[in-house]
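Open your viewer and get ready to click along. We will go from one selection to the next and say what is there at each stop.

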Amino acid sequence: MSPNRPNRPSRPKPPRRRTRADEILGPEDASLLDIVDNLLNKGVVLNGDLTIGIAHVELIYARLSLLLSAADRVLPGEDADFMKRHHARHTLRKARRRARA
Amino acid sequence: MILCVYALVGAPRPLQKVTGIAGERLRGIRVDGVVAIVGEVRRRPAASTRNLRRYAAVVESIAARVPAILPVRFGTTFDDVAELTLVLRSRGTATRQRLRAVRLRAQMTIRLVGSDPDHGHSRGQTPVTGRSGGRPRNKATQGTQYLQQQLAVLRTAREVPQLAPIRPAIRRFVKDERVERRSGVITVHHLIPRAKAERYRAAVERAAGETGVRLFVSGPFAPYAFADNW
Amino acid sequence: MAKRIRANRARKNTKREMLRAKRRVVARSPALTVSELAKLDDLRRELERTSGSSSPSRWNADPDDVERSVAQLVLTLVEFIRKLLERQAIRRMEAGTLTDQQTEDIGRALMKLEETVVDIAARFGVLPDDLNLDLGPIGKLM
């Protein structure tokens, strides 16, 4: 997924005028739209800031790290993938034991 | 100096060849089986085009070197390691689960310029007044019906009927999906096995050509849209 | 011995997959119409505008109506937690890790709680749409 390809000899690319379409939905690099969408609108959010005040005067600056942390908890019994694989491993192990016996 | 967090990965890997957006060396901070890849910067990076492109390049460079990565939102900074550790520790379970879900997978993005009514900011979220439908008939199952109504609203938001014609062609690649509607554009992100990106794109373009669906495919990217649980 | 060979092979396969994935896929987009291009540009600009600000978001109580401001903040936080609970409940209902009775009890509690929030809000002149908070990078709470 890195733009560099160290194993290929580099070929000089013909100069190409960047059209407006390229800027938004560029052909080679990840387009600006994708970058803006991925980086500013997605990805793990670890913290956020909020200033709290009264009468247009900001008095408190709050870091909301823990509020988000609480929002993310997944209890062990609910991880469906994990439970499925765990169950599959368990069944396989049982079958092997039986075959050996 | 503050810490800029680029991504969360599962295990520390050598990252000497990768530098941060300010050219800084990257290091891993390990908390309960999750490693945060960070760099020391002087101030919180501004969202300039240059910084955004650099950040994206850093994330993709890291992604090329690890089997599982959760990109972190641009501009995420911490004043000290203690605060970062606290946050990571309290989210350890969910983070490890997400790392498992994105292992050896990448994100492909399909965009359709929608002709359906704009739901506004819709990421499958129910409106604040979730009172959809009338009062449930049977008093004994009110609660269950309420939850099922909310589930139905979520499912409807997740549906993209415009994509239905091409779904058979790509079903075998798609491990997970996220849908977003914003500014008249429908964005669908698919989580697919990394090695199948070209096959996925070819299948999408072929099916779109055959069925006349106008769409735009981009990728592969690190799994930005699958970094959280919703 | 066989296990070690298998483990080595698995590790090599992973590395091969990782390297193969480095090659960027070039999307050959269909020809963009002017309106499609404009829509995508709109999207990009809106994302930059709403998500790109690095300054902290603000909540500021109106001194002429402190009661209403505080009520709005408090009820917004309650609604936020209620929504989280609801999302989690729906997830577990889908996954089948709730009994029928639990589903019923939780559903009823969530329903009643939402009614209560909306009713109290109305008493302070706060509309359901006001029960929201812009938190910058966190995005709107709901």
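This tour goes through the chains, some helices and their contacts, and the nonpolar cores. Please keep in mind that you are looking at a predicted model.

**Stop 1: chain A**

Select chain A and switch on the cartoon. You should find four helices and two strands, arranged along the sequence as α-α-β-β-α-α. Chain A has 101 residues, and 28% of them are buried.

Now pick out helix H2 of chain A, residues 32–41. How many of the ten residues of H2(A) are buried? Ten of the ten are, so to speak, under cover. Show their side chains: the buried set runs through Leu32(A), Leu33(A), Asp34(A), Ile35(A), Val36(A), Asp37(A), Asn38(A), Leu39(A), Leu40(A) and Asn41(A). Following H2(A) comes Gly43(A), with a positive phi near 85°.

**Stop 2: across to chain B**

Keep H2(A) on screen and add helix H1 of chain B, residues 49–63. This helix has 15 residues, and its first and last C-alpha atoms are 21 Å apart, close to the 21 Å expected at 1.5 Å a residue.

At what angle do the axes of H2(A) and H1(B) cross? The crossing is at roughly 75°, and the axes come within 10 Å. That angle makes the two helices, H2(A) and H1(B), roughly perpendicular. To see the contact, show Leu32(A), Ile35(A), Val36(A), Asn38(A) and Leu39(A) on the H2(A) side, with Thr49(B), Leu52(B), Arg53(B), Tyr55(B) and Ala56(B) on the H1(B) side.

Next, colour the buried residues of H1(B): Leu52(B), Tyr55(B), Ala56(B), Val58(B), Val59(B), Glu60(B), Ser61(B), Ile62(B) and Ala63(B). Their packing partners are H2(A) and three strands of chain B, namely S1 (2–9), S3 (34–41) and S4 (69–71).

**Stop 3: Leu52(B)**

Zoom in on Leu52(B), which sits in helix H1 of chain B. Is Leu52(B) buried or exposed? Leu52(B) counts as buried because it has 23 C-beta neighbours inside 10 Å. Leaving out residues up to four places away in sequence, Leu52(B) touches Ile35(A), Val36(A) and Leu39(A) in chain A, and Ala47(B) and Phe74(B) in chain B. If you like, draw a distance from the C-alpha of Leu52(B) to that of Gly75(B): the two residues are 23 apart along the chain, and the separation is 9.4 Å.

**Stop 4: the nonpolar cores**

Select Tyr6(B), Ala7(B) and Ile62(B). In the largest nonpolar core, which has 69 residues, these three touch the most other members. H1(B) gives the most to this core, contributing seven residues. At least three residues of this core come from each of two domains of chain B, domain 1 (2–101) and domain 2 (105–226).

Centre the view on Ala7(B). Apart from residues up to four places away in sequence, Ala7(B) touches Ile37(B), Val59(B), Ile62(B), Ile69(B), Leu70(B), Pro71(B) and Val72(B). There is also a second, separate core of seven residues, and among them are Tyr146(B), Ala89(C), Ile90(C) and Leu110(C).

**Stop 5: chain C and its contact with chain B**

Bring chain C into view. Chain C holds four helices and one strand, in the order α-α-β-α-α along the sequence. Of its 142 residues, 25% count as buried. Among contacts in chain C between residues at least 6 apart in sequence, 67% join residues at least 24 apart.

Select helix H3 of chain C (66–95) together with helix H4 of chain B (142–158). Their axes come within 10 Å and cross at roughly 90°, so H4(B) and H3(C) are roughly perpendicular to each other. The contact joins Leu147(B), Gln150(B), Leu151(B) and Leu154(B) of H4(B) to Glu86(C), Ala89(C), Ile90(C), Met93(C) and Glu94(C) of H3(C).

**Stop 6: helix H4 of chain C**

Finish with H4(C), residues 100–123. At 1.5 Å a residue, its 24 residues should span 34 Å, and the 35 Å between its end C-alpha atoms agrees with that. Show the buried residues of H4(C): Thr103(C), Ile106(C), Gly107(C), Leu110(C), Met111(C), Glu114(C), Val117(C) and Ala121(C). These buried residues pack against H4(B) and H3(C), the pair from the previous stop. After H4(C) comes Gly125(C), where phi is positive, near 75°.

Conventions
Residues numbered from 1 in each chain as written. Chains lettered and ligands numbered in written order. Predicted model: local features only at pLDDT ≥ 70, side-chain atom pairs only at ≥ 80, totals over all residues. Expected span 1.5 Å × (residues − 1). Buried ≥ 20, exposed ≤ 12 C-beta atoms within 10 Å, placed from the backbone. Contact = placed C-beta atoms within 7 Å. Core = buried A, V, L, I, M, F, W, Y, C linked by C-beta atoms within 7 Å. Domains from an automatic or database assignment. Axes fitted to C-alpha atoms, helices over the stretch in contact; angles between N-to-C directions. Parallel < 35°, antiparallel > 145°, perpendicular 65-115°, else oblique.
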